Amino acid sequence: MGILVMVRHGKSVWNKENRFTGWVDVDLSEEGIEEAKRAGNILKKSGIRFDVCYSSYLKRAIKTGIIILRELDQLYLPHLKDWRFNERHYGALTGENKAEAKARLGEEKFLLYRRSYDVPPPPLDENSPYHPKNDPKYAHLPPELLPSSESLKDNQRRAMEAFYSQIAPRLVEGENVLLTAHGNTIRGMVKALEGISDEDIVKFEVATGVPRVYEFDNNLQILNIKTLD
């Protein structure tokens, strides 16, 4: 069986500004670039070699994958993008400063929208420039697939569909897969893969630029999990 390594992208420009980013295609910050380089160096020291890299459609995840592969001297690998690995869509919170949103909503509602498993924020207006229906990179997708808001559960559902259709068959064939994605996308996948409860996933954090390594048996049951930092 192959190995799956998931890496949350390095800090983005909006991470540094403490804003809800979601599907907005913001770039890596200078710190985020360094985090991606560090992840690549850590993986190089571990001796793990990859057969393929997957990323979302968002440049902060794509560039993180490129930087890691560059550090591994594996830029020749297939680097495949799947929108289903995109970050959770934060609905009407998209673009808002988190401290300001917390002050406006109150701590209880803020935490409900931000960290709960199955409660989405209010929907984003479809006329917003941040709405995926107005982004040409999604023009080939049926409009009904493009969210106006998502819970972590919604994010998890599409990411796990991509995992089982794209990644799992490669693992079964013995390929090692690198996935560079997003905090909530990885949280949802970790919840599904490791069987974490709805209550406990609220407290689970995914650090930027820290590889999370999974080894599986022939039935895709987890044999070992480790973080490399």
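Select E31. With 34% relative accessibility, E31 counts as partly exposed, because that class runs between under 20% for buried and over 50% for exposed. Keep those two cut-offs in mind for the rest of the tour. The model on your screen is predicted.

**Stop 1: around E31**

E31 sits in helix α2, which covers residues 30–46. Show its contacts. Leaving out residues up to four places away in sequence, E31 touches K11 and K16. Now add S151. It is 120 residues from E31 along the chain. The C-alpha atoms of E31 and S151 are separated by 28 Å.

**Stop 2: the loop before α2**

Select N18. This residue is in the loop between α1 (13–16) and α2. Look at its backbone. N18 is not a glycine, yet its phi is positive, about 60°. Its relative accessible area is 33%, so N18 is partly exposed.

**Stop 3: a second positive phi**

Jump to D73. You are now in the loop between α3 (59–71) and β3 (79–81). D73 is not a glycine either, and has a positive phi of about 60°. Is D73 buried or exposed? D73 is exposed, with a relative accessible area of 60%.

**Stop 4: inside, at T180**

Select T180 in strand β4, residues 177–181. T180 has a relative accessible area of 0%, so this residue is buried. Which residues does T180 touch, not counting those up to four places away in sequence? Colour V7, C53, Y54, S55 and S56 to see part of the answer, then add A61, T64, G65 and I68. For a sense of distance, pick F216. It is 36 residues from T180 along the chain, and their C-alpha atoms are separated by 19 Å.

**Stop 5: helix α7**

Select residues 183–194, which form α7. Try a ruler on this helix. At 1.5 Å a residue, its twelve residues should span 16 Å. The end C-alpha atoms are 16 Å apart, so the two values agree.

Next, colour α7 by burial. Ten of the twelve residues are buried, so α7 is largely enclosed by the rest of the structure. The buried residues are G183, N184, T185, I186, R187, G188, M189, V190, K191 and L193. Step past the end of the helix. There you meet G195, with a positive phi near 70°.

**Stop 6: Q156, a partner of α7**

Select Q156 in helix α6, residues 152–172. At 10% relative accessibility, Q156 counts as buried. Setting aside neighbours within four places in sequence, Q156 is in contact with Y117, G188, K191 and A192.

**Stop 7: helix α5**

Select residues 107–115, which form α5. Its buried residues are F110, Y113 and R115. Why do they lie on the same side of α5? They cover an arc of only 165° around the axis, which puts them on that one side. A general rule helps here. An α-helix has 3.6 residues a turn, so residues three or four places apart point the same way. Now find what covers the buried residues of α5. The cover includes α4 (98–105), α7 and α8 (198–201).

**Stop 8: the largest pocket**

Switch on a surface. Rolling a probe the size of a water molecule over the atoms shows where empty space is left. The largest pocket has a volume of about 330 Å³. Which of its 19 lining residues are closest to the centre? Select R8, Y90, K98, R114 and N184.

Both α5 and α7 supply at least two residues of this lining. The largest share, three residues, comes from α7. Colour the lining by type. You should find four nonpolar, six polar and nine charged residues.

**Stop 9: the second largest pocket**

The last stop is the second largest pocket, with a volume of about 180 Å³. Select W83, R84, L145, L146, P147 and S149, which are among its lining residues. Then add E150, D154, R157, R158 and E161 to complete the lining. Colour by type once again. This lining divides into four nonpolar residues, one polar and six charged.

Notes:
Residues numbered from 1 in each chain as written. Predicted model: local features only at pLDDT ≥ 70, side-chain atom pairs only at ≥ 80, totals over all residues. Heavy atoms only, no water. 1 Å grid on protein atoms, 1.4 Å probe; cavity = no way out; pocket = protein on both sides within 12 Å on 5 of 7 lines; lining within 4 Å. Points joined across faces, edges and corners; volume = space filled by probe spheres on them. Helix = DSSP H or I, 4+ residues; strand = E, 2+ residues; numbered from the N terminus. Nonpolar A, V, L, I, M, F, W, Y, C, P; charged D, E, K, R; others polar. Expected span 1.5 Å × (residues − 1). Buried < 20%, exposed > 50% of the residue type's maximum accessible area, 1.4 Å probe, protein only. Contact = heavy atoms within 4.5 Å. Arc of directions from axis to C-beta.
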